[in-house]
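Student: I've got a structure to look at, and I keep tripping over the words people use for it. Can we go through it together?

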Amino acid sequence: MIKTVGLRKTFKGGVEAVKGVDISVEPGEIVGFLGPNGAGKTTTMRMLTTLLQPTSGTATVAGHDLLGDAREVRRRIGYVSQGGGINPAAPLGEELELQAMLYGLPREAAGTRVREVLARLDLTGLESRPGGALSGGQRRRFDIAFALLHRPVLLFLDEPTTGLDPQSRANLWDHIRALRAEQGVTVFLTTHYLDEADALCDRLLIIDHGRIVAEGAPAELKTGGRTLDDVFLDITGRSLREEAGV
Amino acid sequence: MLRETYLLFRHNLRATLRQKIGIVFGVIQPLVFLVLFGPIFATIGTWETLVPGLIIQLGLMSTGMAGFGVVFEKRSGVLERMRVTPASRLALLLGRVLNNAVTLIIQAVLLVAVGYAFGLRAPAAGVVAGLVLVVVLGLSLAALSYAVALTLDDQLFAPVMSTAVLPLVLLSGAFLPMSMAPGWLDALSHISPFRYVLEALRELFAGHYATGTVGVGVAVTVVFALVSVAIGTRVFNQENA
């Protein structure tokens, strides 16, 4: 579902955010992409979702070449960014319908699909409200609703549960598991919550200083009775990182 | 691409119409000039000279500041959400600028209507032709405004644009024809495309259609529109937009 070879991103000014990353994700997997602040998680995800042009390397995402066929990649993926994309002023039902039609759905089918997705994410009845009138958990579920309208085969979630209360987090985990179980959706997510990565993901990739430094199933990584927190700190060190935003 | 443009235009227009008061507020400053400065100007000039100038002022202030909308969409993540859809970047731009152009036309019609109440006597054909020119100008200004908004730091958009708009209004000859200006100022104003558009607009409001001034104004407006939309699309395509 995702195959990258030597994916690299150097920003203007010479900051090398991602230094040749090789990633392989199989269909139906839930893969956690972990790393300290500034390690290159979001930059990698933005490249894989066509929002950033890689400096070098190759990638195939959802069966299409990332560089040569970006529009086809966009048709097949869903993306929920770290900050979300909720308009606080507009009724979200209208925004969802527009988004569905931008993916090519005819008006009637878009309306039907919006109702389906809202029902799936327990959001029915909230579609006439503007984003500013919703709780954090509801806004995050709406973010996921936007990403699911066109039935993507691959879903990218950038820190999907940051700032949510434990109930909303658990609810979101259930939805993510159900997407994989019922529709076979592949999920590639970043998170700072290692309990979340442990509970939700089949496999973890740990990135640091722009390079993948560890990879494996949570159980494989937790050797010698260590917790995932111990493993993460052993691999990435204990020094504080600057918020590089990459 | 046409379908995507239409969908985005309709969506943005709906949002604009939800805040009708915003359309009125956008036209208040030119209306104040019309009501409080117009009667004084009418003692030395004509309403057919002043009203086109106020339309240019309106265009620069209304569509020139259109980028505010995209600053907000950028901050809230709405723009990025749309950029991961397969919609073309040109459609993402055109859907927005067409809405801005329609808003400008509504405001310009309001301004012209009040102008008629004060003594403007432009022929209907000239007004209609002038408004067509204003639509194209509105598209261009909105496209450039979006390009500036996506290029600059969010905090800089308002100060930069509000600083740029006033000299552009004055250099266009909106309040007094540049033929009255000293040579250096007259020469400087020729750099601004708005001078040519305004001179064409004044000719049309005076009922003169097949003149060199109108021809130059139309040509400048069309070229300005093509360049502005090309710049806007390029910026929408940029990875950090």
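Tutor: Sure, starting with the nonpolar core; keep in mind that this is a predicted model. The largest nonpolar core has 138 residues, and Ala145(A) and Val197(B) are those with the most contacts inside it.

Student: Which helix gives the most to this core?

Tutor: That's helix α8 of chain B, residues 124-151, with 14 residues. From chain A, domain 1 and domain 2 each supply at least three residues.

Student: What makes Leu96(A) a contact of Ala145(A)?

Tutor: Two residues are in contact if their C-beta atoms lie within 7 Å. Leu96(A) is in contact with Ala145(A), and so are Val117(A), Leu118(A), Leu121(A) and Leu123(A), leaving aside neighbours within four places in sequence.

Student: Why is α3(A) called largely enclosed?

Tutor: A residue is buried if 20 or more other C-beta atoms lie within 10 Å of its own. In α3(A), 9 of the 11 residues are buried, so the rest of the structure largely encloses this helix. Among them are Leu92(A), Glu95(A) and Met101(A).

Student: What do the buried residues of α3(A) pack against?

Tutor: They pack against α4 and α5 of chain A, together with α1 and α6 of chain B.

Student: And how many residues does the contact take from each chain?

Tutor: 23 from chain A and 16 from chain B. On the side of chain A that touches chain B, α3(A) gives the most, with 4 residues. By class, that side has 11 nonpolar, 9 polar and 3 charged residues.

Methods
Residues are numbered from 1 along each chain as its sequence is written. Chains are lettered from A and ligands numbered from 1 in the order in which they are written. This is a predicted model: local features need pLDDT of at least 70, side-chain atom pairs count only at pLDDT 80 or more; totals for chains, interfaces and linings use all residues. A nonpolar core is a set of buried Ala, Val, Leu, Ile, Met, Phe, Trp, Tyr and Cys residues joined through C-beta atoms within 7 Å. A residue is buried if 20 or more other C-beta atoms lie within 10 Å of its own, exposed if 12 or fewer, and partly exposed in between; C-beta atoms are placed from the backbone. Helices (H or I, at least four residues) and strands (E, at least two) are DSSP runs, numbered from the N terminus. Domain bounds come from an automatic or database domain assignment. Ala, Val, Leu, Ile, Met, Phe, Trp, Tyr, Cys and Pro count as nonpolar, Asp, Glu, Lys and Arg as charged, and the others, Gly among them, as polar.
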